[in-house]
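Dear colleague,

Please find below the structure I promised to pass on to you. My findings follow it, arranged by topic.

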Amino acid sequence: MRRVLITAVACVLLAGCSATPPPPDVTFYADGNAIRATPQILCDIAERKCDENADAVVGLKIRPGKVVQVSVSSEIAEEPWGVLFSYLDREGKRVDASSRVFLPANKQHAYTLELPDSADQLLFAAVQKLAVVNGDQLLRVGQWVMEVN
């Protein structure tokens with residue numbers, strides 16, 4: 001009986017130690033609502049493997065001109081990252097834009113996305129985690145997407 005109990009405890013402990021940690025996440029907050037996004041794309045450069053999940057795109061209702069707060073987990077902030085976004089301006093013209101790239105030395109875990117005009121309507125925002133390859137090239141290794149409903 002004692003041997004069975006020890007074996008069962010060892011199995012539980014080993015299973016807990018080998019469990020895969022959850023993927024890093026991003027929280028989008030706007031207009032009084034928040035939503036957490038899991039990665040749409042997440043790559044492991046060492047293994048040359050990317051996992052994609054089209055269902056990871058999240059939706060959030062945001063009125064024109066509203067500010068969006070973007071918060072990233074430590075796993076994302078430990079690498080270069082930035083925010084891509086598109087919006088419709090006052091005349092209905094689509095504008096594509098981005099934040100600057102945040103570097104790990106900045107310890108930046110949040111970004112405030114503010115559109116130029118109060119009539120502008122955000123269409124989507126995407127956090128992109130980047131990796132430096134070949135000394136000076138940035139490669140997208142993760143992406144978290146929020147679409148405006």
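**Ser-73 and its surroundings**

Ser-73 counts as buried, because its relative accessibility is 13%, and buried means under 20%. Please bear in mind that this is a predicted model. Ser-73 sits in the loop that runs between β6 (68–72) and α2 (74–77). Its side chain and that of Glu-75 are joined by a polar contact of 3.1 Å. If residues up to four places away in sequence are not counted, Ser-73 touches Pro-24, Asp-25 and His-109.

**The chain as a whole**

The secondary structure comprises two helices and eleven strands. Along the sequence, these follow the pattern α-β-β-β-β-β-β-α-β-β-β-β-β. The chain has 149 residues, of which 33% count as buried. Among the contacts in the chain with a separation of 6 or more, 64% are between residues 24 or more positions apart.

**Gln-108**

Gln-108 belongs to the loop between β8 and β9 (110–113). With a relative accessibility of 23%, Gln-108 counts as partly exposed. A polar atom of the Gln-108 side chain lies 2.5 Å from the backbone oxygen of Ala-110. Leaving out residues up to four places away in sequence, Gln-108 touches Val-72, Ala-77, Trp-81, Arg-100 and Phe-102. One of these, Val-72, is 36 residues from Gln-108 along the chain, and the C-alpha atoms of the two are separated by 8.5 Å.

**Asp-89**

Which side chain of opposite charge is nearest to Asp-89? It is that of Lys-93, at 5.6 Å, and Asp-89 is buried yet has no salt bridge. The reason follows from the cut-off: a salt bridge requires a side-chain nitrogen of Lys or Arg within 4 Å of a carboxyl oxygen of Asp or Glu. Asp-89 is placed in the loop between β7 (81–88) and β8 (94–98). A polar atom of the Asp-89 side chain lies 3.0 Å from the backbone nitrogen of Glu-91. Apart from its neighbours within four places in sequence, Asp-89 is in contact with Val-95 and Asp-120.

**Salt bridges**

The structure holds five salt bridges, and three of them are described here.

- Asp-31 pairs with Arg-63, and their closest N and O atoms are 2.5 Å apart. Asp-31 lies in the loop between β1 (26–30) and β2 (33–37), and Arg-63 in the loop between β5 (58–60) and β6, so this pair ties together parts that are 32 residues apart in sequence. Asp-31 is partly exposed, at a relative accessible area of 25%, and Arg-63 is also partly exposed, at 46%.
- Lys-49 pairs with Asp-51, with 3.9 Å between the closest N and O atoms. Lys-49 is partly exposed, with a relative accessible area of 42%; Asp-51 is partly exposed as well, with 46%.
- Arg-94 and Asp-96 meet through their side chains in a salt bridge of 3.0 Å, N to O. Arg-94 counts as partly exposed at 46% relative accessibility, whereas Asp-96 is exposed, with a relative accessible area of 55%.

**The largest pocket**

The volume of the largest pocket is about 210 Å³. Two elements, β3 (41–44) and β4 (49–52), give two or more residues to its lining. The lining includes Leu-42, Cys-43 and Asp-44, together with Lys-49, Asp-51 and Glu-52. Pro-23, Thr-38, Pro-39, Gln-40, Glu-47 and Asn-53 also line this pocket. Lys-49 and Asp-51, the salt-bridge partners described above, are thus both among the lining residues.

**Tyr-29**

Is Tyr-29 buried or exposed? Tyr-29 is partly exposed, since its relative accessible area is 42%. Tyr-29 is found in strand β1. Not counting residues up to four places away in sequence, Tyr-29 touches Ala-34, Val-67, Val-68 and Gln-69. The C-alpha atoms of Tyr-29 and Leu-60 are separated by 8.5 Å, although these residues are 31 apart along the chain.

With kind regards

How values were computed:
Residues are numbered from 1 along each chain as its sequence is written. This is a predicted model: local features need pLDDT of at least 70, side-chain atom pairs count only at pLDDT 80 or more; totals for chains, interfaces and linings use all residues. Side-chain values use heavy atoms; hydrogens and water are left out. Helices (H or I, at least four residues) and strands (E, at least two) are DSSP runs, numbered from the N terminus. Buried means under 20% relative accessible area, exposed over 50%, partly exposed in between (1.4 Å probe, protein chains only). Lys and Arg count as positive and Asp and Glu as negative; His and the chain ends are not counted. A polar contact is a pair of N or O atoms within 3.5 Å; within protein, one must be able to donate a hydrogen and the other to accept it, and residues adjacent in sequence count only if both atoms are side-chain atoms. Contact means heavy atoms within 4.5 Å. On a 1 Å grid over the protein atoms alone, a cavity is a set of points where a 1.4 Å probe fits but cannot get out, and a pocket is an open set with protein on both sides within 12 Å along at least five of seven lines; lining residues have an atom within 4 Å of a point. Grid points are joined across faces, edges and corners, and a volume is the space filled by probe spheres set on the points.
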